[in-house]
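Student: I should like to learn how to read the features of a protein model, beginning with its sheets. Could we work through one together?

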Amino acid sequence: MGSQVSVDVGAVRVVIVGGGFGGIAAASQLQALNIPFLLVDMKDSFHHNVAALRASVESGFAKKTFISYTVTFKENFRQGLVVDIDLQNQTVLLEDGEALPFSHLILATGSTGLFPGKFNEVSSREAAIQAYEDMVKQVQRSQSVVVVGGGSAGVEMAAEVKTEFPEKEARLVGSQPGCRARPCQPRAHGSRLTGERVSNLEDLRLNEYGECIRVHTDKGTEVATNLVIVCNGIRVNSSAYHSAFDSHLASNGALRVNEYLQVEGCSHVYAIGDCADVKEPKMAYHAGLHASVAVTNIVNSMKQRPLKAYKPGALTFLLAMGRNDGVGQISGFYVGRLMVRLAKSRDLFVSSSWKTMRQSPP
Ligand SMILES: Cc1cc2nc3c(=O)[nH]c(=O)nc-3n(C[C@H](O)[C@H](O)[C@H](O)COP(=O)(O)OP(=O)(O)OC[C@H]3O[C@@H](n4cnc5c(N)ncnc54)[C@H](O)[C@@H]3O)c2cc1C
């Protein structure tokens, strides 16, 4: 898909809703092909959320995780919160009342969840970076940190705290019996309380230092700490399209798609990334692969060529545990600490996103 595509500019306008990993990959490819497009996101910059947890413990890191859309996509980016899709008139509706017409639509609204793992807010780059720098200060003040969530994000969060501040206590509390990647024997991840669910979560102030915060579990354990960080509860972000595609949603709110990643029954609407109901783990890497297929199929449909099918690939799972440690699996085979460290833990793929956005990291 290297060369530019010659199209009737008046007839084609691809609107991409959501500038996450899938959205920026699709926008970059459309830009390279000279196909008219508009990328819409509620924020003014791409969030490299894969490194969000490090940004909440390491001062000065957050600025590497937010990358301006305008610098890359210029007038083809529009900041705005999408509140609905009008399928009949083929427009995307923004909170401020504006209606953006499209010939083709790529829905890439991803998933949402609690800060610091996710930052899904209408925000500027400066405000987003400041939110992470404020979080670093809360961690710095705390001698003891409880991380709730025994999945991969919880393990990564506890390890980031322990790596940056070896003298602090980081305790992981999760209802899951253990870590998903095996063998999982991190050197620096703090202590664990597995198979126990926090029972007083709604009473706890999250991400804020406290002199003595008491965390209770359903097994009767009490842990006294200074800071509670929750790293679970990621869910599909369907608010932009929920009412328009009500009858095309899976039970988790993801859009049901065919093998070409077209939303069922709507050949000019594609869903990619975390918000597409594809049976595979929700990963940034997969969102990028989806973007390629969606853009190829938009081009192929314009040229009346056969469409390309998306085939879920082999499972790659890399778990970073701070800058120097990690475990993983590629196609079912265990990947050692050294390889995970080189592939992921050192920079958490930050440089790859700056490359996609054709900008230099600060
Ligand atoms: C802590 C953490 C670590 C991770 N580590 C890895 C890893 O190592 N490898 C890996 O492959 N994956 C990893 N993931 C998963 C990965 O980040 C997600 O799969 C990826 O973000 C999905 O990309 P996406 O483009 O589908 O959506 P997202 O990245 O979630 O982006 C969606 C975008 O849509 C925008 N949006 C949503 N709704 C609206 C609306 N109504 N109006 C306007 N804009 C809207 C949001 O602002 C956001 O920018 C990790 C995730 C987390 C949280």
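**Reading the sheets, helices and loops**

Tutor: Strand E12 (residues 169–174) pairs with E13 in the parallel sense, and 4 bridges connect the two. Please keep in mind that this is a predicted model. Within this pairing, Gly-174 has Thr-194 of E13 as its bridge partner.

Student: In what order do the strands of this open sheet lie?

Tutor: The order is E13-E12-E11-E16, an open sheet of 4 strands with parallel pairing. Its edge strands are E13 (191–194) and E16 (227–230), each of which pairs on one side only. From one strand to the next, the twist averages 20 degrees.

Student: Which strands does H5 touch where it packs on the sheet?

Tutor: H5 touches strand E11 (144–148), E12, E13 and E16. The direction of H5 makes about 175 degrees with that of E12.

Student: How is the open sheet of 3 strands ordered, and is its pairing parallel or antiparallel?

Tutor: The order there is E6-E7-E8, and the pairing is antiparallel. Strand E6 (82–86) and strand E8 (99–101) form the edges, each pairing on one side only. Neighbouring strands of this sheet are turned by 25 degrees against each other on average, direction ignored. Strand E7 (residues 91–94) is joined to E8 by 3 bridges; Val-92, for instance, has Leu-100 in E8 as its bridge partner.

Student: Let us turn to a helix. Which residues of H7 are buried?

Tutor: Val-340, Lys-344 and Ser-345 are buried in H7. These residues lie on the same side of H7, because they cover an arc of only 65 degrees around the axis.

Student: Against which elements do the buried residues of H7 pack?

Tutor: Their partners are helix H2 (52–55), helix H5 (152–164), E19, strand E20 (326–330) and strand E21 (333–335).

Student: I now wish to examine the backbone. Where is the cis peptide bond that has omega of about 10 degrees?

Tutor: That bond joins Phe-115 and Pro-116. Pro-116 belongs to the loop between strand E10 (111–112) and helix H4 (125–141).

Student: What is the sign of phi in Gln-304 and in Leu-348?

Tutor: Phi is positive in Gln-304, near 55 degrees, although this residue is not glycine. Leu-348, also not a glycine, has a positive phi of about 50 degrees.

Student: Where are these two residues found, and is each buried or exposed?

Tutor: Gln-304 sits in the loop between helix H6 (284–302) and strand E19 (316–320). Gln-304 has a relative accessible area of 72%, so it is exposed. Leu-348 occupies the loop between helix H7 (337–345) and helix H8 (350–356). With a relative accessible area of 2%, Leu-348 is buried.

Student: How many disulfides are counted?

Tutor: A disulfide is a covalent bond between the sulfur atoms of two cysteines. The count here comes to 0 disulfides, where a pair would need its sulfur atoms within 2.5 Å. As for individual cysteines, Cys-212 is partly exposed, with a relative accessible area of 44%, while Cys-231 counts as buried at 11% relative accessibility.

Student: Finally, which segments make up the domains?

Tutor: The domain assignment of the chain gives domain 1 as 14–42 + 80–113 + 234–313, and domain 2 as 125–233. The centres of domain 1 and domain 2, taken over C-alpha atoms, are separated by 34 Å.

Methods. Residues numbered from 1 in each chain as written. Predicted model: local features only at pLDDT ≥ 70, side-chain atom pairs only at ≥ 80, totals over all residues. Heavy atoms only, no water. Domains from an automatic or database assignment. Buried < 20%, exposed > 50% of the residue type's maximum accessible area, 1.4 Å probe, protein only. Arc of directions from axis to C-beta. Contact = heavy atoms within 4.5 Å. Pairing = 2+ DSSP bridges. Axes fitted to C-alpha atoms, helices over the stretch in contact; angles between N-to-C directions.
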